[in-house]
Amino acid sequence: MKITGITTYVLAADLGASAFGWSQRVGSTRQSAICVVETDAGIQGYGEAFYFGGPSTIVAQLIDLALGPLIIGSDPLDSSVLWDRLYNWTRDQGQKGLTISAISAVDIALWDIKGKALGLPVHKLLGGAYRSRAKAYATGLYEPQGSPNTVHALVQEAQGYKEQGFQGMKLKIGYDPRVDLGYVRAIRDAIGDDVALMVDANHAYNAPEAIRLARELEPYDLAWFEEPVPPEDIDGYVELRAATSIPIAGGECEYTRFGFRELIARRAVDYLQPDLCATGGFTEMARIVAMASAANLPVIPHVWGTNIGLAASLQLFAALPHFPDRRFPTEPWFEYDRSTNPLRDGVTVETFTLEDGYLAIPTRPGLGVTLDLDFVTRHGV
Ligand SMILES: [Mg+2]
């Protein structure tokens, strides 16, 4: 089998009145870069790149101009060989960030092809399923725009997730420690003690601020405190982790096994959160998971984007081992983004539905989804 071409699609949607804020800014659009790898066998593979900082066109151009020409004519089943080729060609200026997001999309598409060629879901190729469904937590509870009472709106949203059957949800913090504390208090009060609550500061604080806040948040039984400090501040992570009983999570802004090597070696976090669509795709994620397992450090993937990224992440999630294994192991949490995204569901023919707090993991070949070209073209930039 040979790769005959790569097509990229850039999708964009205006959020209008549904724009939402977090510690860094207000998001008023959603965008996505999706790639389709074509083969001479007629099999297509789909991938998605994670980029939220600007136009997804940039990632698509990286795929179109820099990466695609390097793999056309190659066998898509040689995914590790091709990953190394893409990384090495872009290595000098591309070790982190957008280049790796672009490589991730291509790699995910190659694994989709591999699965379709063999008639197996990707999780079988990764070693099999530890689970057939994913315990989902809702990512949402952003700052609603134009709401006269933010706390009230957040409480209503949180109660909605609980009614939908979510056993966990994640709140955005990092506005100001006083504001954060008020939000956490109100939401914990509204959802009760039986629903897990995570908080995510999107690297808003320095270590002393994060330590002071963490100590105030300790009575609220938080499942984790995500990205308390900037991703480059590994020492800040280590200091905070030593100073609080709240588990610390991070890694969505880290890339490849080279980036995760330091987080793991320094034991900077309690939960590693690599994003499949940013950290290098299935090929690189398998290496990160292996390194994490050697350190007995749980991997709880970051998940964002459309149903393509979601489907790929569910395949990864099925094959994620326990950290550690035991008779009654702790089930990892699957991140299910519930923030407004008009692009999320329409890109695939298949839909995902929460049942009793879980998402079923597809067992169809590859990623288990089919691109809805009509939708993709309609929302294309
Ligand atoms: Mg996050």
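**A buried lysine, a magnesium site and a one-sided helix**

In this predicted model, the side chains of K170 and E335 make a polar contact at 3.0 Å. K170 sits in strand β8, which spans residues 168-172. With a relative accessibility of just 1%, K170 counts as buried, because the cut-off for that label is under 20%. Leaving out residues up to four places away in sequence, K170 touches a run of names that includes Y137, A138, T139, G140 and L141. Also among the residues it touches are M198, V199, W224 and E335. Two further contacts of K170, D200 and E226, turn up again as ligands of the metal, since both appear in the list of residues that coordinate the magnesium ion.

The magnesium ion is held by D200 (OD), E226 (OE) and E252 (OE), at 2.0 to 2.2 Å. Along the sequence these donor residues follow the spacing D-x25-E-x25-E. The pair E226 and E252 links distant parts of the chain, being 26 residues apart. E226 belongs to strand β10 (residues 222-226), while E252 is in the loop between β11 (248-250) and α9 (256-265). How accessible is E226, and is it buried or exposed? Its relative accessibility is 0%, so E226 counts as buried. E252 comes out at 8%, and so it counts as buried too.

The loop that carries E252 leads up to α9, and this helix has two distinct faces. T256, G259, F260, L263 and I264 are its buried residues. They cover an arc of only 135 degrees around the axis, and therefore lie on the same side of α9. That fits the general picture: an α-helix has 3.6 residues a turn, so residues three or four places apart point the same way. R261 and A265, on the other side of α9, are exposed. As for what lies over the buried residues, the cover includes the helices α2 (79-94), α3 (98-118), α8 (234-243) and α10 (281-294), together with strand β12 (271-272).

T256 makes a handy close-up of this buried face. The residue lies in helix α9, and its relative accessible area is 1%, which means that T256 is buried. Neighbours within four places in sequence aside, T256 is in contact with W83, Y87, Q95, I100, T279, E284 and I288. Just past the helix the backbone does something less ordinary: α9 is followed by R267, which has a positive phi, near 45 degrees.

A few other backbone spots deserve a look. Most residues other than glycine have a negative phi, and most peptide bonds are trans. Against that background, H203 has a positive phi, near 50 degrees, and is not a glycine. H203 lies in the loop between β9 (196-200) and α7 (207-217), and its 25% relative accessibility makes it partly exposed. D356 is another non-glycine residue with a positive phi, about 50 degrees. D356 lies in the loop between β14 (354-355) and β15 (358-360); its relative accessible area is 66%, so it is exposed. Where is the cis peptide bond? The bond joins F323 and P324, with omega about 0 degrees. P324 is found in the loop between α11 (307-318) and β13 (334-337).

Further along the chain, L373 is found in helix α12 (residues 373-378). At 44% relative accessibility, L373 counts as partly exposed. Its C-alpha atom is separated by 8.4 Å from that of T348, 25 residues apart from it along the chain.

Stepping back to the whole chain, there are 12 helices and 15 strands. The radius of gyration is 20 Å, close to the 21 Å that the globule rule gives for 381 residues, so the chain is as compact as a globular protein of that length. Along the principal axes, the C-alpha atoms fill a box of roughly 60 × 45 × 40 Å. Buried residues account for 57% of the 381 residues. Of the contacts with a separation of 6 or more, 74% come from residues 24 or more positions apart. The chain exposes about 14900 Å², of which carbon and sulfur atoms supply 49%.

Terms used. Residues numbered from 1 in each chain as written. Predicted model: local features only at pLDDT ≥ 70, side-chain atom pairs only at ≥ 80, totals over all residues. Heavy atoms only, no water. Donors = N, O, S within 2.8 Å, 3.2 Å for Na, K, Ca; no water. Helix = DSSP H or I, 4+ residues; strand = E, 2+ residues; numbered from the N terminus. Buried < 20%, exposed > 50% of the residue type's maximum accessible area, 1.4 Å probe, protein only. Arc of directions from axis to C-beta. Contact = heavy atoms within 4.5 Å. Rg over C-alpha atoms; globule rule 2.2 N^0.38 Å. Areas by Shrake-Rupley, 256 points an atom, 1.4 Å probe, with all protein chains shown as cover. Polar contact = N/O pair within 3.5 Å; in protein donor to acceptor, adjacent residues only side chain to side chain.
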